[in-house]
Amino acid sequence: MSALEIQNLHVTIDSKEIIRGLNLEIPKGEVHAIMGPNGSGKSTLSKAIGGHPDYTVTAGEVLLDGTNILGMEPEERARAGLFLAFQYPVEIPGVSNANFLRAALQARLPEGEELEATEFYAQMYAEMDKLEMSRSFTSRAVNEGFSGGEKKRNEILQMAMLKPTYSILDETDSGLDIDALKIVSAGVNALRGPDRGFLVITHYQRLLDYIVPDVVHVMMDGRIVRTGPKELALELEEKGYDWLKEEVGEPAGV
Amino acid sequence: MNTDTIGIERGIGDFSYPEQHEFDAGTGLTPATIDYISRVKDEPDWIREFRHRALAIFAAKPMPTHWASRDLENIIFDNIRYYLANGQRPTRSWDEVPDDVKKTFERLGIPEQERKFLAGVEAQFDSEAVYSNIKKAVGDQGVIMMGSTEALKEHPEIFRKWFGKVIPTSDNKFSALNSAVFSGGSFIYVPPGVKVRHPLQAYFRINAENFGQFERTLIIADEGSEVMYMEGCTAPKFETATLHSAVVELVAMKGAKIQYVTVQNWSANVFNLVTKRAIAHEEAEVKWLDCNIGSRLTMKYPGVVLKGRKARGEVISIALAGDGQHQDTGAKMIHAADETTSNIVSKSISIGQGRATYRGLVHVPKHLKGCKNNTECDALLINSKSRTDTYPAITVRGTGNAVQHEASVSQISAEQIFYMQQRGLTEAQAMSLSVNGFVNDLVRQFPMEYSVELKRLIDMEMEGSVG
């Protein structure tokens, strides 16, 4: 099955259940958006799929093209084609952007095979140009001293270089001004295609003006409560989340 | 595997050949041990007397456990052998080196290295140098490089003038021990104005169990000369404690420059207790680049006595304390003239139960003017059990002298590791990259061949310590 499928997922952190039986299917070639109020579990979902050790999956499956990835280490999931664009990209002091990307690409090669350096740099420069990133970023330490917008562009650069099959973008729009938002969105749109799937997590509809989704899901209290076409995002923007809360009612088990 | 690197990695170093020593001073340390060593080495009376005086000082001095690790009490001096050698003069030809010694050093990569980029090589096996060679062009400029045993005989006038002058016998218990039983080590003299373009390299190899290696190195850079010296150290892993206690004295005359690079990779049973100090005369520069990986306990605080106006001293040090290891390292800067400057940058990494301690001493007396010191010490902790301590002792008196001191302690966070894993790196690779990033600015100051090797040593250390 060519899709990222999430089936009846339950996730706890510090023994508190945050994701409570979530179902979602992102077929290859589609862009899905998840919207939802703060605290609905959106970021937890992306971390749990990525394999963050603080998040415990108590039930359910996450299938990447038919393979359950939940037993895999985070790096195995990444190498299988999963990418997380972080809401808060992490700084790695002393490690240059170029070296980090090289190490990440090198880790995907079979043992004994060396990454071709000139090709790597040519490709990286081309991607950086698209994102309007200065060449000086290659030698700067990963995310260290970067502005919010620079960090998000750097996430998209990594995504472009690593060419994942499925990407989860966690609040990529937070902290971006409108110009940066356009550049980042263009970067994502350039990667869209029949062989890739995207899950865009956002709090605001604004991002979806630039990255237009095929499907919009609404998440509340650890579940998908509504799924609809892209117009659903506009409806949420206009009416807020409260009407949905009333409609869905108090979740069971609380 | 990259054959260009200096082969001192742990896996490569962990082997030994059967011992065949013609000369063995036996176990334990008495005046008779000293007489035996002196007789075997056919030394002049003044050296034998020097050794006896040193032994008395060693015996009288208490273990410095009031400030240093109590682990020192686990050194049983009576169980150690103080002199092991084959009675052979160091050869200039690699072909004449005995087979097992040759195999040892070939596994460590010495002959290739020499051909590639070194101006001279000295290789010590247990107590004595087995091989010593300097490129003809360098020797023709009057540069001397030989073992201390030979230098004592061939260049007594230079040797005696400087020997024991930078580090007096009574400096500490282990400098006294070295002074009593020293053997081997390098003697280097660079004549005025001669700039040695390629590094001189020494290898110190311990092969025998229950053994103490006590090399004595003396480097004199005459006026306006320049030299870089590099040393690599290895030993196989034995169950019992092995002792390495060197004394290294450097003299930089007016306007001379000395760079002294150490990459030690001792096995985890070695007590490494080393005294290193330099005197920098007017406008001279001495830079210690010191990397401490391995050993059970290392205590080493390279120092510079800034004796002449505008002299400059620098210590760049990296220490990596793995599980069960204690790296107690630091630097000493004694300002003794106007307008002298010193710089200390120390980075330590503690893994698991590993412990890193920084001890610094910066002394600027009241009557001096225009002196500057900069001290930075940064510690990186990997997992909550590791421990780091910083003891900077900075005494600056008088006005018109400037000192700055910065210290930091950081941890590799779980978020950082997860981020890197999400990009496809294993936990060990992520740790290695983070650690290499932490020391990156210092590693770049090491010669290329060493910086590549350092990175590999760190990678291996991290692979061993994670999952």
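What radius of gyration would a compact globule with 467 residues have, and what does chain B have? In this predicted model, chain B has a radius of gyration of 21 Å, and a compact globule with 467 residues would be near 23 Å, so the two agree. The C-alpha trace of chain B spans about 65 × 55 × 45 Å along its principal axes. Within that span, chain B holds 12 helices and 24 strands. Of its 467 residues, 57% count as buried. Sequence separation adds a further view of the fold: when contacts in chain B between residues at least 6 apart in sequence are considered, 83% of them join residues at least 24 apart.

Chain A offers a good place to look at how strands come together. Here, six strands form an open sheet, and their order is E6-E9-E10-E3-E11-E12, with mixed pairing. Strands E6 and E12 (223-228) of chain A stand at the edges with a single partner strand each, so one side of each has no neighbour in the sheet. From one strand to the next, the twist averages 20°. As a general reminder, the strands of a sheet pair through backbone hydrogen bonds, in either a parallel or an antiparallel way. One parallel pair in this sheet is made by strand E3 (residues 31-35) and strand E11 (residues 215-220) of chain A, which are joined over four bridges. In that pair, Met35(A) stands opposite Val218(A) of E11(A).

Strand E9 of chain A deserves a visit of its own. Five of the five residues of this strand (residues 166-170) are buried, so E9(A) is largely enclosed by the rest of the structure. In a regular strand, side chains alternate between the two faces of the sheet. In E9(A), Tyr166(A), Ile168(A) and Asp170(A) point one way, while Ser167(A) and Leu169(A) point the other way. Strand E6 (residues 82-85) of chain A runs parallel to E9(A) and is joined to it by four bridges. Within this pairing, Leu82(A) is found opposite Tyr166(A). E9(A) also pairs with strand E10 (residues 197-202) of chain A, again in the parallel sense, over five bridges. To get from E9(A) to E10(A), the chain passes through helix H6 (residues 178-191) of chain A, and this β-α-β crossover is right-handed.

Is Ser167(A), a residue of strand E9 of chain A, buried or exposed? Ser167(A) has 26 C-beta neighbours inside 10 Å, and therefore counts as buried. Across the pairing with E10(A), Ser167(A) stands opposite Phe198(A). Phe198(A) is also one of the contacts of Ser167(A) once neighbours within four places in sequence are left aside, along with Phe83(A), Ala85(A) and Met159(A). The C-alpha atom of Ser167(A) lies 9.8 Å from that of Val188(A), a residue 21 places away along the chain.

Finally, the two chains meet. The contact between them takes 22 residues from chain A and 18 residues from chain B. On the side of chain B that touches chain A, helix H10 (414-422) and helix H11 (427-443) of chain B each supply at least two residues. The residues on this side of chain B divide into nine polar, six nonpolar and three charged.

Definitions and conventions
Residues numbered from 1 in each chain as written. Chains lettered and ligands numbered in written order. Predicted model: local features only at pLDDT ≥ 70, side-chain atom pairs only at ≥ 80, totals over all residues. Buried ≥ 20, exposed ≤ 12 C-beta atoms within 10 Å, placed from the backbone. Pairing = 2+ DSSP bridges. Right-handed = clockwise from strand over helix to strand, strands pointing away. Contact = placed C-beta atoms within 7 Å. Rg over C-alpha atoms; globule rule 2.2 N^0.38 Å. Axes fitted to C-alpha atoms, helices over the stretch in contact; angles between N-to-C directions. Nonpolar A, V, L, I, M, F, W, Y, C, P; charged D, E, K, R; others polar.
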